[in-house]
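Dear colleague,

Please find the structure below, handed over for your files. My notes on what was found in it follow directly after.

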Amino acid sequence: MHHDNNIADDKNLQTLTLHSEDDTQALAKQLAALPLTGSVWLSGDLGAGKTTLTRYWLQALGHTGAVKSPTYTLVEPYSIQQDNGTTKPVYHADLYRLQDPEELSFIGFDEYLDEPNALVIIEWASRADSYLPPPTLFIDMMQGDNDSQSRQVELRLSKAGQAQGLDLSVLKI
């Protein structure tokens, strides 16, 4: 069921309900199809499914093999071969254990963010929001109220994402 409040809002804000792991995978495939660059802030409680979504997203982008959690390393880098022969740099960051945003400069995090065509998926970005530039896209995952399997996902484009001409209304579950 799609509520059409205002078409303009639809492009920039989308709320979806995921009922299953299949829905999560379907959303990941659609996210992978968006011409996204820059960073994505993935927020939500522990167990809300952020890492699952990221794993499917990396696979949908073409990554084969394991997806390691960057909990201790802070960042896990991927170079994903694209169909057109180019390589897309994707970085999965989990800042849960970040003590101090300054740590990010030691590991060269700024370079990932500045890399053209790179996608940086950041869990727990709130731990460094003073340090990080605004993301292209915010994704907030919440557990469903009465159903432990379901997830509410709110996707919101930042000004930067809007400037890139992204359209979230294409996302459908």
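I begin with one pair of residues: Val40 stands opposite Leu137 in β6. Before going further, please note that this is a predicted model, in which local features need pLDDT of at least 70 and side-chain atom pairs count only at pLDDT 80 or more, while totals for chains, interfaces and linings use all residues. Residues are numbered from 1 along each chain as its sequence is written, and side-chain values use heavy atoms, with hydrogens and water left out.

**The sheet**

Helices (H or I, at least four residues) and strands (E, at least two) are DSSP runs, numbered from the N terminus. Seen as a whole, the strands form an open sheet of 7 with mixed pairing, in the order β1-β7-β6-β2-β5-β4-β3; two strands count as paired if DSSP finds at least two bridges between them. At the edges are β1 and β3, each of which pairs on one side only. From one strand to the next, the twist averages 15°. In general, strands of a sheet pair through backbone hydrogen bonds, either parallel or antiparallel.

Strand β2 has parallel partners in β6, joined to it by 5 bridges, and in β5, also over 5 bridges. Leu42 illustrates both pairings: its bridge partner in β6 is Ile139, and its bridge partner in β5 is Glu123. Strand β2 is mostly covered, with 5 of its 7 residues buried. Here buried means under 20% relative accessible area, exposed means over 50%, and partly exposed lies in between (1.4 Å probe, protein chains only).

**Helices against the sheet**

Helix α2 packs on the sheet and touches β1, β6 and β7, where contact means heavy atoms within 4.5 Å. The direction of α2 makes about 150° with that of β1; axes are lines fitted to C-alpha atoms, for helices over the stretch in contact, and angles run from 0 to 180 degrees between N-to-C directions.

In helix α3, the buried residues are Lys50, Leu53, Thr54, Tyr56, Trp57 and Leu58. What covers them includes α2, β2, β3, β4, β5 and β6. After α3 comes Gly62, with a positive phi near 115°.

**The nonpolar cores**

A nonpolar core is a set of buried Ala, Val, Leu, Ile, Met, Phe, Trp, Tyr and Cys residues joined through side-chain atoms within 4.5 Å. The largest has 31 residues, of which Leu31, Trp57, Leu137, Ile139 and Leu155 touch the most other members. Two or more residues come from each of β1 (13-18), α2 (21-33), β2 (38-44), α3 (50-60), β3 (75-81), β5 (119-123), β6 (137-143) and β7 (151-157). Apart from this core lies another, of 17 residues, among them Trp41, Leu98, Leu104 and Ile122.

Leaving aside residues up to four places away in sequence, the contacts of Ile139 are Leu31, Val40, Trp41, Leu42, Ser43, Leu53, Trp57, Val153, Glu154 and Leu155.

Val90, in strand β4, is buried at a relative accessible area of 0%. With the same exclusion of residues up to four places away, Val90 touches Leu58, Leu61, Glu76, Pro77, Tyr78, Ile80, Leu119 and Ile121. Val90 and Glu102 are 12 residues apart in sequence, and their C-alpha atoms are 22 Å apart in space.

**Aromatic rings**

The structure holds 4 aromatic pairs. Rings of Phe, Tyr and Trp (its six-membered ring) pair if their centres lie within 6.5 Å; planes under 30 degrees apart count as stacked, over 60 as edge-to-face and the rest as tilted. Tyr91 and Tyr112 are stacked, because their ring centres are 4.1 Å apart and their planes lie at 20°. This pair links distant parts of the chain, with Tyr91 in strand β4 (residues 87-94) and Tyr112 in helix α5 (residues 109-114), 21 residues apart.

Phe109 and Tyr112 form an edge-to-face pair, at 5.7 Å centre to centre and 80° between the planes. Both lie in helix α5, 3 residues apart, about one turn of the helix. Ring pairs thus link Tyr91, Phe109 and Tyr112 into a cluster. Their relative accessibilities count as buried: 9% for Tyr91, 19% for Tyr112 and 0% for Phe109.

Two arginines lie over ring faces: Arg55 over Tyr56, at 5.5 Å from the ring centre, and Arg156 over Phe138, at 4.2 Å. A charge sits over a ring if NZ of Lys or CZ of Arg is within 6 Å of the ring centre and within 35 degrees of the ring normal.

With kind regards
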